[in-house]
Amino acid sequence: MPGGRLTQQERQQIALGLADGLAYAEIARRLERPTSTITREVMRNGGPTAYRADLAHRATERRAHRRRQAAPRGSDAPPQPHGRDAEAVREYEETFTTVLIATGTPKMMARVLTCLYTSDAGSLTAAELVQRLQVSPASISKAIAFLEGQGLVRRERDERRRERYVADNDVWYQSMVASAQGTAQLAETARQGVGVLGPDTPAAVRLENIARFLDFVGESITRAAEQAREILHAQPETQPETPSGGN
């Protein structure tokens with residue numbers, strides 16, 4: 001895969017690929033780029049329906065200029081554990097943050113969530129978040145208050161009595177259940193319209209079909225979330241040690 005930033009010509013190819021309805025993986029294959037590069041490029045520049053090559057290119061140049069200006073500030077960033085590639089980690093965090101923003105999460109809240117999800121401990125203190133994101137303590141406090149209100153993080157005290165913010169794995173389960181409940185409410189509302197508009201009328205038939213569809217989807221989401229919940233807490237399988245000197 002070629003390295004370096006995307007060129008303006010590559011961005012034009014991305015725009016053409018999106019217009020043709022190509023998947024990110026196919027666009028990436030044609031450009032000989034990682035799929036994550038295409039995903040990040042599109043999601044941070046308007047999404048698949050609003051992506052514009054020229055605007056994306058100018059926006060990238062502006063971001064690069066700001067990054068160069070801010071370089072001395074982040075020069076003391078701690079080394080990556082486990083021998084990780086710092087640049088690859090940074091790019092992945094940008095991709096994850098961009099996708100969270102595309103789902104409706106405010107930017108700073110998305111950045112905080114990404115930090116929590118990509119930390120080995122799964123929790124960070126306010127000071128650690130300030131250091132990693134290079135933002136003010138007030139920004140972290142505001143983001144945590146929002147995320148806590150949404151049930152996306154919780155607070156706990158460590159052995160040094162410091163307050164830590166935790167991204168609980170069960171957040172994804174609770175999110176799916178809440179989605180299913182909202183779908184069930186929408187189905188019930190659609191079904192109420194059947195009686196109002198009159199059975200067997202075209203509008204009533206349409207609403208009944210919508211309600212049946214939503215019933216099925218909501219029940220499927222709930223059932224799948226219940227069945228898959230344990231996956232959120234699964235531990236990696238440990239490989240048995242090979243005895244030394246064996247036959």
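I started with Arg30 and Glu26, and found their side chains joined in a salt bridge, with N to O at 2.9 Å. I'm working from a predicted model here.

I checked where the two sit. Both are in helix H2 (residues 24-31), and because they are four residues apart, about one helical turn separates them. Then I looked up how much solvent they see. Arg30 is exposed, since its relative accessibility of 55% is over the 50% cut-off. Glu26 comes out at 24%, so I logged Glu26 as partly exposed.

Next I pulled up Glu93 and Arg132. Their side chains also form a salt bridge, this time at 3.3 Å, N to O. This pair ties together distant parts of the chain, as the partners are 39 residues apart. I put Glu93 in helix H5 (residues 86-102) and Arg132 in helix H7 (residues 126-133). Arg132 has 35% relative accessibility, so I noted Arg132 as partly exposed.

Third pair: I found Arg154 bridged to Glu156, with 3.0 Å between the closest N and O atoms. I checked exposure for both partners. Arg154 has a relative accessible area of 36%, which makes Arg154 partly exposed. Glu156 is partly exposed too, at 33%.

Back to the Glu26 end of things: which residues do salt bridges with shared partners join into one network? I got Glu26, Arg29 and Arg30. That puts the Arg30 and Glu26 bridge from my opening entry alongside Arg29 in the network.

Last entry, the tally: how many salt bridges are there? I count 13 salt bridges. Reminder to self on the chemistry: opposite charges on side chains can pair when the charged atoms come close.

How values were computed: Residues are numbered from 1 along each chain as its sequence is written. This is a predicted model: local features need pLDDT of at least 70, side-chain atom pairs count only at pLDDT 80 or more; totals for chains, interfaces and linings use all residues. Side-chain values use heavy atoms; hydrogens and water are left out. A salt bridge is a side-chain nitrogen of Lys or Arg within 4 Å of a carboxyl oxygen of Asp or Glu. Helices (H or I, at least four residues) and strands (E, at least two) are DSSP runs, numbered from the N terminus. Buried means under 20% relative accessible area, exposed over 50%, partly exposed in between (1.4 Å probe, protein chains only).
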